[in-house]
Amino acid sequence: MSVRIFGSPPRYHQGPGAVLGIGGIARALAETACVIVDEGVHGIVAGPIAESLREAGVAGRVTPFAGEITYAAIESLTAALRADAPGLVVAAGGGKALDVGKGVAARLGVPIITVPTIASNDAPTSASYAVYDEHHVMVAVDRMTRNPDAVVVDTALIARAPAHFLRAGIGDAVTKAFEARGCLAGTGLTPFGTRPLLTGGVIAEAGYRTLRAHAAAALAAVERNAVTEALEATVEACILMSGLGFENGGLSLAHAMTRGLVKARGAMGAPHGEQVAYAVLVQLAVEGCADDEILDLMGFLREVGLPVRLADLGLTDAAPEEIDAVARLTMTAPHIPNMPCPVTAENIAAGMRRVEDLAASGRSRPDEAADASARSAPAFAPAPGGTA
Ligand SMILES: [Zn+2]
């Protein structure tokens, strides 16, 4: 039996107008801040954040960020900001600014507040940040020594963003319960490098149930820019529960498959959340789940407009060699041991074909769909003798 770790941000704030409270949150952390804002939302959030900091007596300078998160970009931004010796990084935007902010905060050795303006993934909660090369190819996923010190999610901003961002966030979050189950049942490790405690899986399961209950209504709310209880619940599932779920519960085949899907014809252009939503169906197929269970999840994904087959991702009329190539690349991911049973490229290719057949079968989820989410939600009992 070994030591296991649970990690999370110490504070998480969510609600309409949450950015207006940033000054008070920042004041508790430092007297000076640098604010890194994605150029695309600069006009929307830079003003309210700067105003809130000023009111709280926190000196701050706003720096717009555009372009790719390369090591060179992180280093040059760090060098430019080091002169001001900020006591805190506030990173606001759709993802790039949050990740570059994490890289800068890690190098400056200061706290960070993340302020997502869309809910397309769970990065705001996570200690991880992805680094790319100049050709937009991911070269590393680095980690800060701790999670962001505060996450501030203004749901009025999320409600104003195009619905496809939230849809991608739902896709990224829907996988986590199944992936945590895979990690716990297999021999895998969480991003903290330990076997999972039970808590991560419980949170991931709660996230899945929340999405089943509220995601469709949340998407409808965003279409009319409305902040509703369904939107609040869905955003919490997409950013907080999903982030805590994967960092503490572990990832599995669904995220491993992005290794292949980012290189596949057509599918390479699909958002991360859409890739993993499709891939979690393959994970269930590879695990040998019953048709009904796969069809139940497929029905939900269709309901919220997420992909259920390769053609939905942009890989139309996939040739056998293309399926085999995705399966082979998937095997290079570190999450492959996080499965209840050993997996081969052949298993994965067979799983992909099974999903294609089920999607084309015209069968829908079982008649007793009313309680289907309860039935298909993973149970988090440790496998007998399955602990390392
Ligand atoms: Zn993800």
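How far apart do the C-alpha centres of domain 1 and domain 2 lie? In this predicted model, the separation between the two centres is 28 Å, and the views below take up the contact between the domains, a helix of domain 2 and a strand of domain 1 in turn.

**View 1. The contact between domain 1 and domain 2.** The chain is divided into domain 1, covering 11–159, and domain 2, covering 162–376. Domain 1 contributes 20 residues to the contact, while domain 2 contributes 27 residues. On the side of domain 1 that touches domain 2, the elements giving two or more residues are strand E1 (11–15) and helix H5 (155–160), and H5 supplies the largest share of that side, with four residues. By residue class, the side of domain 1 that touches domain 2 is made up of 11 nonpolar, seven polar and two charged residues.

**View 2. Helix H6 (residues 163–174) and its surroundings.** With 12 residues at 1.5 Å a residue, H6 should span 16 Å, and this agrees with its end C-alpha atoms, which are 16 Å apart. Because 10 of its 12 residues are buried, H6 is largely enclosed by the rest of the structure. The buried residues of H6 are Phe 165, Leu 166, Arg 167, Ala 168, Gly 169, Ile 170, Gly 171, Asp 172, Ala 173 and Val 174, so that charged residues such as Arg 167 and Asp 172 appear in this list beside nonpolar ones such as Phe 165 and Leu 166. The cover over these buried residues includes H5, which also lends residues to the domain contact, together with helix H7 (176–185), helix H8 (198–223), helix H9 (229–249) and helix H12 (272–286).

**View 3. Strand E4 (residues 89–93), buried on both faces.** Five of the five residues of E4 are buried, and the strand is mostly covered. One side of E4 carries Val 89, Ala 91 and Gly 93, the other carries Val 90 and Ala 92, and all of these residues are buried.

**View 4. The parallel partners of E4.** Strand E2 (residues 32–38) runs parallel to E4 and is joined to it by four bridges, with Val 35 having Val 90 of E4 as its bridge partner. Strand E5 (residues 112–116) also pairs with E4 in the parallel sense, here over five bridges, and Val 89 stands opposite Ile 112 of E5. Between E4 and E5 the chain passes through helix H4 (residues 96–108), forming a β-α-β crossover that is right-handed.

Methods:
Residues numbered from 1 in each chain as written. Predicted model: local features only at pLDDT ≥ 70, side-chain atom pairs only at ≥ 80, totals over all residues. Domains from an automatic or database assignment. Contact = placed C-beta atoms within 7 Å. Expected span 1.5 Å × (residues − 1). Buried ≥ 20, exposed ≤ 12 C-beta atoms within 10 Å, placed from the backbone. Pairing = 2+ DSSP bridges. Right-handed = clockwise from strand over helix to strand, strands pointing away.
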